Amino acid sequence: KRKKVIAASAKPVQQNDVWGSIRVNIVGALVFQTAHHSAFTPAPDCRLVMIPITDSNAPPAALPPLERDASRMRAPLSRMQARLVFIQELNPGKPLYQIPTAFRIFGPIDSAQLERCLGELVERHHVLRSKVVYENDVAISVVDDSIHIPLERLDFSNLPPDDRDKAVMQALETIANTPMNLHTGPLIRFVLATKSLDESVFFLM
C-alpha cells in the first residue's frame with residue numbers, strides 16, 4: 001500500500017518569547033532573530049502522519065518535461081536582487097540578507113528521498129539556481145542550467161538527550177551566520193539535523 005505524508009502546524013510562537021539568535025520555545029518551535037531585524041520567523045512543529053491510500057495502486061500521472069527558455073537564463077536584476085547586491089557590497093562578509101528558518105519534524109525521515117525532492121524543486125525553479133555576475137561592470141542575474149544543492153546532514157543522536165537541543169541550536173546558528181556568496185551561488189542551503197530516529201530539524205536558508 002502506498003502511503004501519504006501529511007504535515008500539521010502547531011500554535012504560533014509569540015514575539016515576547018524570542019531571545020538571542022535561535023532558541024526553542026516550550027512547544028519546540030524554532031525561532032530566528034538577528035540583531036539587524038526586529039521581525040522573526042516562527043517555525044511550527046510538524047508531525048508526520050502516515051495514512052494508507054487504498055483506493056488505487058496506480059502510479060501518479062507524470063508531469064510534462066520542463067523546457068529551458070534560453071531567454072530567461074540571463075536578465076537584469078530585480079529590485080530585490082539589486083538590494084541584496086547593494087547590502088553585500090556595503091557590508092561584505094556579513095549575512096545581513098539571509099533569512100533562516102527551520103521546522104522540527106517528528107517521525108522517521110528518508111533523507112535520500114528528501115534530498116531528491118529538494119533537487120526536483122531546484123530544477124523546476126529558476127530563482128533557486130540564480131546567482132549574480134558582472135558584465136561590463138553591470139550586475140545581472142544568471143541562472144545555472146543545472147546545479148546540485150546537497151542536503152547537509154548533521155547527526156546529534158549520539159549525544160545525551162538533554163544536550164541535543166543545545167547542540168542543534170549552536171550548529172544552526174553557526175550556519176545561519178555564515179554568509180553565502182551572491183556571485184558564485186548557490187543561494188539556498190538545506191540542512192537536516194537528526195536528534196533521534198523519530199525527531200529531526202529541517203533547516204533552510
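**Exercise 1. Check the length of helix α2 in this predicted model, then find which side of the helix is buried.**

Step 1. Helix α2 covers residues 111-124, 14 residues in total. Helices here are DSSP runs of H or I with at least four residues, strands are runs of E with at least two, and both are numbered from the N terminus.

Step 2. The expected span is 1.5 Å times one less than the number of residues. For α2 that gives 20 Å, and the distance from the first C-alpha to the last is close to it, at 20 Å.

Step 3. Look for buried residues (under 20% relative accessible area; exposed is over 50%, partly exposed in between; 1.4 Å probe, protein chains only). In α2 they are Glu115, Leu118 and Val122. They cover an arc of only 65 degrees around the axis, so they sit on the same side of α2. The arc is taken from the directions that run from the helix axis to the C-beta atoms. An α-helix has 3.6 residues a turn, so residues three or four places apart point the same way.

Step 4. Find the cover. It includes β10 (151-155), β11 (190-196) and β12 (199-204).

Step 5. Inspect the N-terminal end. Asp110 caps α2 there, with a side-chain oxygen 3.2 Å from the backbone nitrogen of Ala112. A polar contact is a pair of N or O atoms within 3.5 Å; within protein, one must be able to donate a hydrogen and the other to accept it, and residues adjacent in sequence count only if both atoms are side-chain atoms.

Two ground rules apply throughout. Residues are numbered from 1 along each chain as its sequence is written, and side-chain values use heavy atoms, without hydrogens or water. Local features need pLDDT of at least 70 and side-chain atom pairs count only at pLDDT 80 or more, whereas totals for chains, interfaces and linings use all residues.

**Exercise 2. Describe the two sides of helix α1, then place Gln88.**

Step 1. Helix α1 runs over residues 79-90. Its 12 residues reach 16 Å between the end C-alpha atoms, close to the expected 16 Å.

Step 2. Gln81, Val85 and Gln88 are the buried residues of α1. Seen down the axis, they fall within an arc of 65 degrees, so they line one face of the helix. On the other side, Arg79, Phe86 and Leu90 are exposed.

Step 3. The buried residues of α1 pack against β6 (74-76), β8 (130-135) and β9 (138-143).

Step 4. Now take Gln88. Its relative accessible area is 11%, so Gln88 counts as buried. Leaving aside neighbours within four places in sequence, Gln88 has contacts (heavy atoms within 4.5 Å) with Tyr97, Met180, Asn181, Leu182 and His183. A polar atom of the Gln88 side chain lies 3.3 Å from the backbone oxygen of Met180.

**Exercise 3. Work out how strand β9 pairs.**

Step 1. Two strands pair if DSSP finds at least two bridges between them. β9 pairs with β6 in the antiparallel sense over 3 bridges. β8 and β9 are also antiparallel, over 6 bridges.

Step 2. Assign partners. Val142 in β9 is the bridge partner of Arg74. Val142 is also the partner of Lys131. Ser141 in β9 stands opposite Val132.

Step 3. Look at the turn. The hairpin of β8 and β9 has 2 residues between the strands, and Asn136 takes a positive phi near 55 degrees.

Step 4. Check burial. In β9, 5 of the 6 residues are buried, so the strand is largely enclosed by the rest of the structure.

**Exercise 4. Decide where Pro160 sits and how accessible it is.**

Step 1. Pro160 belongs to the loop between β10 and α3.

Step 2. Its relative accessibility is 43%, so Pro160 counts as partly exposed.

Step 3. Pro160 and Lys195 are 35 residues apart along the chain, and their C-alpha atoms are separated by 9.9 Å.

**Exercise 5. Judge the confidence of the model.**

Step 1. Use pLDDT, the predictor's confidence in each residue, from 0 to 100. The protein averages 74, and 65% of the residues score at least 70.

Step 2. Compare the extremes. Confidence is lowest in strand β3 (residues 30-32), with a mean of 33, and highest in β10, at 97. Over residues 1-55 the pLDDT is below 50. Where pLDDT is low, the predicted coordinates should not be read in detail.
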